Amino acid sequence: MRIIIFGPPGAGKGTQARLLEERRGLTQISTGDIIRTAMKRETPIGKEAKAYVEQGELVPDTVVRKLAEQAIADEAYDDFVLDGYPRTIQQAEWLTEFLTEHDTPLHAVVSLQVPDEVIVDRLSKRRIHKETGDTYHLDLDPPPDDVDPSLIVQRPDDQPATIRNRLSVYREQTAPLEAYYQERDVYYAVDGVGDIEAIYTRITTTLDDIPTAAGA
Ligand code: AMP
């Protein structure tokens, strides 16, 4: 099955994509994770991306396109969940073209609906494990006691000023993709508020109802 998990930063895309990977065998393709790894390794792409990411801006389309297309090709064009890609109309058009060329169209774009105040709370209280990439929420899902606290950090782009910028970038550049995918009949809105398992159930119920995806 080929899906996009869509929504604003902090909507829970990464959390749900990881569950879909563990439980449904769909590989999570997160352009944000790929970019952060490149930044950590100080590769040319990582160095180019750094300033954009740290200010909450989008990395140029041409750079991200290559990363996403390579990752999809690595999965033989199937059984993936795109998390954080596409984020602009240009990226969406390239993706449609790329998947059409390989005769592997998307089955669904699952859009997590989360109000702004919930997003700001989630992002400002989000913490990550420096080595494993596991994510936590200080109140709802705190890091376990046996994890070394010095390994639990805040993403630099989860600072309040950057969060505000990421949300406005989302509204201006990414939200228009909802209409793009609605027009293509692959768009499914899912309530993204509540506990992780409840949201996961809503997503899988939606996916299981898509006739073309039955058994995929
Ligand atoms: P994420 O982990 O998905 O929130 O992504 C973190 C950051 O990586 C974003 O704020 C962007 O700077 C960059 N990024 C990730 N995916 C994309 C994309 N599809 N297009 C442009 N920039 C991206």
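**Exercise 1.** State whether Thr162 counts as buried or exposed, then place it in the fold and list its contacts.

Solution. Start with the accessibility: Thr162 has a relative accessibility of 10%, so it counts as buried. The class limits are under 20% relative accessible area for buried, over 50% for exposed and partly exposed in between, with a 1.4 Å probe and protein chains only. The model is predicted: local features need pLDDT of at least 70, side-chain atom pairs count only at pLDDT 80 or more, and totals for chains, interfaces and linings use all residues. Residues are numbered from 1 along each chain as its sequence is written, and side-chain values use heavy atoms, with hydrogens and water left out.

Next, the element: Thr162 belongs to helix H7, residues 160-174. Helices (H or I, at least four residues) and strands (E, at least two) are DSSP runs numbered from the N terminus.

Last, the neighbours. Setting aside residues up to four places away in sequence, Thr162 touches Glu54, Gln55, Gly56, Pro156 and Asp157; contact means heavy atoms within 4.5 Å. With Gln55, the C-alpha to C-alpha distance is 5.9 Å across a sequence separation of 107 residues.

**Exercise 2.** Describe the surroundings of the ligand: its shell, its polar contacts and its burial.

Solution. Begin with the shell, which holds 16 residues; the closest are Thr31, Arg36, Glu57, Gly84 and Gln91. A residue is near the ligand if one of its heavy atoms lies within 4 Å of it. Helix H2, residues 31-41, gives the most to this shell, with 4 residues.

Then sort the shell by class: 6 residues are nonpolar, 4 polar and 6 charged. Here Ala, Val, Leu, Ile, Met, Phe, Trp, Tyr, Cys and Pro count as nonpolar, Asp, Glu, Lys and Arg as charged, and the others, Gly among them, as polar.

Now look for polar contacts, that is, pairs of N or O atoms within 3.5 Å; within protein, one must be able to donate a hydrogen and the other to accept it, and residues adjacent in sequence count only if both atoms are side-chain atoms. A ligand nitrogen lies 2.9 Å from a backbone N or O atom of Gly84. For the side chain of Gln91, an N or O atom is 2.9 Å from a nitrogen atom of the ligand. The side chain of Arg155 places an N or O atom 3.3 Å from a ligand oxygen.

Finally, the burial: the ligand alone exposes 470 Å², and the protein buries 96% of that. Accessible areas come from the Shrake-Rupley method with a 1.4 Å probe; for residues, only the protein chains shown count as cover.

**Exercise 3.** Count the aromatic pairs and classify the geometry of Phe6 with Tyr170 and of Tyr180 with Tyr181.

Solution. Rings of Phe, Tyr and Trp (its six-membered ring) pair if their centres lie within 6.5 Å; planes under 30 degrees apart count as stacked, over 60 as edge-to-face and the rest as tilted. The count is 3 aromatic pairs. For Phe6 and Tyr170, the ring centres are 6.1 Å apart and the planes stand at 45°, so the pair is tilted. This pair joins distant parts of the chain, with Phe6 in strand E1 (residues 2-6) and Tyr170 in helix H7, 164 residues apart. Both Phe6 and Tyr170 are buried.

For Tyr180 and Tyr181, the centres are 4.9 Å apart and the planes at 85°, so the pair is edge-to-face. Tyr180 and Tyr181 are both buried.

**Exercise 4.** Locate Asp79, give its accessibility class and find its partners.

Solution. Asp79 sits in the loop between helix H4 (61-74) and strand E3 (80-83). Its relative accessibility is 34%, so Asp79 counts as partly exposed. Beyond neighbours within four places in sequence, Asp79 is in contact with Met1, Arg2, Gly25, Leu26 and Thr27. The C-alpha atoms of Asp79 and Gly25 are 7.0 Å apart, with their positions 54 residues apart along the chain. With Met1, a polar side-chain atom of Asp79 lies 2.6 Å from the backbone nitrogen.

**Exercise 5.** Pick out the backbone features at Ala76, Tyr77 and Pro86.

Solution. Recall the background: most residues other than glycine have a negative phi, and most peptide bonds are trans. Ala76 has a positive phi, near 55°, and Tyr77 has a positive phi near 65°. Ala76 lies in the loop between H4 and E3, as does Tyr77. Ala76 is exposed, with a relative accessible area of 55%. The peptide bond joining Tyr85 and Pro86 is cis, with omega about -5°. Pro86 is in the loop between E3 and helix H5 (89-101).
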